[in-house]
Every structure is written in C-alpha cells, then in structure tokens.
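Please open the model in your viewer and keep the sequence panel beside it. The tour below goes from one selection to the next and says what is found at each stop.

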Amino acid sequence: MAAITRLGASPLERHKRVSFYIFLAPWLLGFLLLQVVPIAWGFVISLTNRSAFPVEIKFVGLKNYITLFKDTEVLSSYWVSFVYTVANTLIGVVTGFIFALLLDRELPGRGFFRTILYFPYMIPLVAVGWIFRIFLERDTGFLNILLVRLGLLSTGVPWMQQSPMGSILLLSFWQAGWSMIIFLGALSTVPRELYEVATIDGAGYGRRMRHIMLPLISPFIFFQLVMSFIYAMQAFIQPYIMNPRVIRGNWVMLNPPPNDIFFVMSRAYYIISGQHKFAYGMAMLWVLFAFVLVLTILFVKFGGFWVYTEADEKR
Amino acid sequence: MNIEARNRLSATFRFIVLAIFVVAFFLPLVSMVVTSLKRMDELYHLPAKVFPEKPVWENYVLAWTLVNFGKYLVNSLILTILYAVPAIMSSCFAGYAFSRFQVRESRAFFLLVLSTLMIPVMVTIMPLYMVMSRVGFVNQRGLWFIWGLSGIPFIIFLFRQFFSTIPNSFEESARMDGAGRFQIFFRIMFPLVQTGVIVAGIFAFQWSWSEFLMPVLFLSDEKSTLAIKIAMSYADQKENVLYNIGMAGIVYYTLPLVFIFFALQKRFVAGLLAGGLKG
C-alpha cells in the first residue's frame, strides 16, 4: 500500500490505482496460490531426489536434467509431442480456415452448419477418445464398415494399430470448430467495400484473397497458430484412451501407450504418478515449460514478419 | 445477371461441400449412439452390422446403475459451480480493471495474464498436488474455488473488450450521485456485459466438466467426477471393457453440454464474434 500512495500523484490517479488493484485482487490471489507458488515449488523439487517413498531428500542440483537429456525414451517423447503439435496445428488451422471461408458469405442454413461444425469441440476429450476408439475399430468400427460397403476397402483396417498418431490427429480435424469460430470472427472484420472495389478493378477471387483478406486476418492466423502450439504441446489424455494396445479392466491410465504416441505430458504423468519419480517428472515438465516458452517468444518475435499491422501502412 | 448466377452457383457449391463435412462429422456421433444400443456380442460378431438387431435400451439403465452415476453427476455439478462462479467473477473484475483503471503498471499485468497461457497445466498442478498431499490438504473441493479465482485469460481479454465499448459517461454520472466503486460495478457495468457472462459461463462449465487431471489427483472416489468415470469406462468382472454401456454413459455425460450449447449458442457465438475478436 505504501508504494501505491507514493506513486499516486493526484487524488484521481490514486483512486484509479486503488480501484485497479481492488478489482484485480481475486485474480492476483488465484495467480499467486495456483501458479506462482506451485511453479516455484516444482522447480525446487526438480533439483532434488524426491519421490513418493520416504527417503532422505537431498539437493542434487541439475542431475535430473542431465539424466533426462540422456534418456532416449524421454527425448523421443519430446519429439513425438513436437511432431503431433505441428501436425495438429496445421490440421486445425487449415480446416478451421476452410470452414470459415465456406461460411463467411450468405448461404442457406448458415447458422445450422456453423453450429454443427462447432459442436464436436464441445465434447470433452475423455469422451471423444472413446468415441473414436470405437469408430476406428477394425472389424465393427463405423468407418471400416462404411469404407468396405462403399467398396473403397476390401477388409477393415486396424487404424489405431496401423497409425496411432494419425488416429489421434483425426480428433484435431473433428474438433476444428474452435479455429473456425476465430476465423469467422476475423473474416467479419474485413470491410466488404474492399472486396467490391477490388472486384470492380478486375481482381479475381484468388487475388482478392491474397491481397485483401489474408493480410487483414493475418493477426488472427498468427494468434491461432501460437495458441494451438501451446495447447497441443500439452496433449495428455489422448494416447491413454486411444492406446492401440488392448485395454483391459477399467483404469486406462495404468497401461502406458507405445512410444510413438507417448507425449511428454502423458509420460510425465506416468513417471510421476505411476513410477513415483516426482523429481524426475518435474524436471521433465520444466524442460517442456522452457521449450514452450522459448519457442513461443521466438515465434512471436521473429515469426510474425508476415503479419500485417496498421503500423506498416503508416510507414 | 452474371454476378447473380455466379453467386448462386457458389452458394450451391459451398452448400454441398459443407453438407458433406456435416455428414462426416456426424458419423462418429451416430456410431456412438448405435453402439450404445447394441449387445456386447454384436460388437464382435462378423459380418459387422451397422444397426443393432434390436435396440438394447437396458444399456442406458446399466450405464446409470453400474457406477452410481447420479452421485458422480452431482459431484461434477458441485465442482462446476464452485469453479464457474469465481472464474466468471474474477475474470470479469480483472477485465474491468484493465479496461477502466489504466495505471502505469496495467500493461505489465496484462502481459502477465497473457503469459499464463504459456504455462503447461501440469507444471502447476503436479507440484500443487505434492504440496497439498504434504500438508494434508487433500480431498478438498475448496481447491476448485481457488482454481476459479485464477480466471481464464481469454475471458479476461473478452471482458476487457466488452467494458471498453461502454461509454465512460455511464459511470461518471453515477459517481456524481455518490455511488461507490462496487455499486457502480454491480448496478451499472455488470448488467451490461451479460453476453460476456454467458460466454464465460459456457467456457467455465466446459472446462470444469471435462477436467480430468484435477479430480484424479486431488479427490477420492467419493468426491470424484463424471470425467473420471467416463475415462475409466465400464468393465465386467473379467476386465473386458463394456463399450456399449460406456457409450451410453458418454451420451449421458455429454447431454448437459449439448443442452447448454444449443440453448445459448446464438448468444454464445454472437458474444465471441462481437467482443473477443476485435482487438
């Protein structure tokens, strides 16, 4: 409070500052309790030998981190997550963009299409995983029955076993509704007159898209790429439920998925809660955190050269 | 004439493409409903049939009784409310602070809010779990309230946009009349951002309803949620997964979301399009 009064020059400024902190207080409290404290604590843990067993807890410095960079299975998880993230981001953004383009102009049943295409995004992932597990089943899955009936396949394909990553990526396609909504909003900000003027000047659809629409909505595309990257790096439950191995009993989290779909988060969960190696798991999560942070900052800083801003115009 | 004909052609083309996508998007859902009405042996019987010989409605009874569905439904609802109310209020407060009381450090705080988007959930939740179990604060639903306080960055952003569209004169005249800051907020500002509250509510509901990690780490089976039960699915004594009953359970599990979404979708989409995206 002392700092607040010192900085507040005029009474009005002071009133403003007090109000600012009063209204921000709940968020600040939640942020401190649920983010700052655990994050710091997690980093401290990652520097120790803590596990679920009551052994003497020692400070081991960067040992966990060094072990981690020699652990080929863990390293492969980062790679797998990265590949998934790139593919997921592209699929989501491209599909969402195409839907938005198709829905941007007048069309009978536009509201209906928009609702239905957005809808799968509302379904929780734990449910989506099971829905697709059955949908992709070799002999009795709907997809195979359909493809065989249509004569596109002679016998059913075990999709999840043959291409576990592809099966998980199918969810990205199915849940592209979120991107679609973002892009619909983006397209609605493009002034119609610009299209009309360009059309009169003789610009075809392709040129209108390249020179008017894409520059104007590029900030949204950029935003969507960044957000999608951050979220996909955290994919966690999909490999457990869409585990190509046979699931027995009713606790899916007990069976680790095969390495080619064992995402970072999924493995960290397994290491922490299945193998009880708390410190090692935390080190793994911290490396992920650093990776996401650095990549996002680099991307925002240097990846945005193609994004159109008003400032360019003025220059 | 030429342009009109071309527009009609384009609309027809787009309609057909979208219709194909809609059908494709429906297939997994049809598969879900159809599977929920089959007998377990029908699922493995070859040649595979699309539709069940005779719909087994009993699966829906079993989905409810095999795991005490009602109890977990209530648990999920309790946690959702415990999370959604503070999440909406805290985000709304923060959005208000960012839109109306801009002081020198506001921008830094706003960047801080946005930067929380980059923190992987597990980086905070796993240590939290270790701290909590150490101090014996486990199996407490109060945690959902605190989780709610930390808000939803996207919604904070959305509320900031909404508040920015309201003219300052509204508050000023109220201030002249001697209204305090909370009076101004609750009497004047809050009612004007109802659309934002609906969008925030849908998000909060969806998040809490589908959250897996928090309940699996922090709550005992007694307080556990539907998300956990659905992830575990159903199994018989010999540990065979009962897909048909599992699908019936998923139908129950997603129904509240479907209902809320369709009841509010007009305002939800309008709110997203109007507020959040023009900034």
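## Two domains of chain A

In this predicted model, begin by selecting the two domains of chain A, whose centres, taken over C-alpha atoms, are separated by 35 Å. The contact between them takes 4 residues from domain 1 of chain A and 7 residues from domain 2 of chain A. On the side of domain 1 that touches domain 2, the residues are, by class, 2 nonpolar and 2 polar, with no charged residues. To make the selections yourself, use the bounds of the domain assignment, which gives residues 1–46 for domain 1 and residues 63–314 for domain 2 of chain A.

## Chain A as a whole

Next, select the whole of chain A and show it as a cartoon, where you will find 16 helices and 0 strands. The C-alpha atoms of chain A fill a box of roughly 80 × 80 × 30 Å along the principal axes, and the radius of gyration of chain A is 25 Å, whereas a compact globule of 315 residues would have one near 20 Å. Of the 315 residues in chain A, 38% are buried. Among the contacts in chain A between residues at least 6 apart in sequence, 70% join residues that are at least 24 apart.

Now colour chain A by pLDDT, which averages 86, with 94% of the residues scoring at least 70. Among the elements of chain A, helix 4 (residues 72–104) has the highest mean pLDDT, 94, and helix 16 (residues 310–314) has the lowest, 48. Residues 311–315 of chain A call for caution, since there the pLDDT stays under 50 and the model has 0 contacts beyond four places in sequence.

## Helix 6 of chain A

Which residues of helix 6 of chain A are buried? Select residues 125–135 of chain A, and you have helix 6, which is largely enclosed by the rest of the structure because 10 of its 11 residues are buried. Among the buried residues of this helix are Trp130(A), Phe132(A), Arg133(A) and Phe135(A), and the run of buried residues begins with Val126(A).

## The largest nonpolar core

Move on to Met284(A), Leu285(A) and Ala231(B), which touch the most other members of the largest nonpolar core, a set of 144 residues. From chain A, this core draws at least three residues from each of domain 1 and domain 2. If you centre the view on Met284(A) and leave aside its neighbours within four places in sequence, you will find this residue in contact with Leu68(A), Val74(A), Val264(A), Ala268(A) and Ile271(A).

## Where the chains meet

Select both chains and look at the contact between them, which takes 78 residues from chain A and 77 residues from chain B. Several helices of chain B each supply at least two residues of the side that touches chain A, including helix 3 (69–100), helix 10 (194–210) and helix 13 (243–276). Helix 1 of chain B gives the largest share of that side, 14 residues. By class, the side of chain B that touches chain A has 59 nonpolar, 14 polar and 4 charged residues.

## Chain B by itself

Finally, hide chain A and look at chain B, which has 13 helices and 0 strands. Chain B is more spread out than a compact globule, because its radius of gyration is 24 Å, well over the 19 Å that the globule rule gives for 279 residues. Its C-alpha atoms fill a box of roughly 75 × 75 × 35 Å along the principal axes, and 38% of the 279 residues of chain B count as buried.

Terms used
Residues are numbered from 1 along each chain as its sequence is written. Chains are lettered from A and ligands numbered from 1 in the order in which they are written. This is a predicted model: local features need pLDDT of at least 70, side-chain atom pairs count only at pLDDT 80 or more; totals for chains, interfaces and linings use all residues. A residue is buried if 20 or more other C-beta atoms lie within 10 Å of its own, exposed if 12 or fewer, and partly exposed in between; C-beta atoms are placed from the backbone. Helices (H or I, at least four residues) and strands (E, at least two) are DSSP runs, numbered from the N terminus. The radius of gyration is taken over C-alpha atoms; the globule rule is 2.2 Å times the number of residues to the power 0.38. A nonpolar core is a set of buried Ala, Val, Leu, Ile, Met, Phe, Trp, Tyr and Cys residues joined through C-beta atoms within 7 Å. Domain bounds come from an automatic or database domain assignment. Ala, Val, Leu, Ile, Met, Phe, Trp, Tyr, Cys and Pro count as nonpolar, Asp, Glu, Lys and Arg as charged, and the others, Gly among them, as polar. pLDDT is the predictor's confidence in each residue, from 0 to 100.
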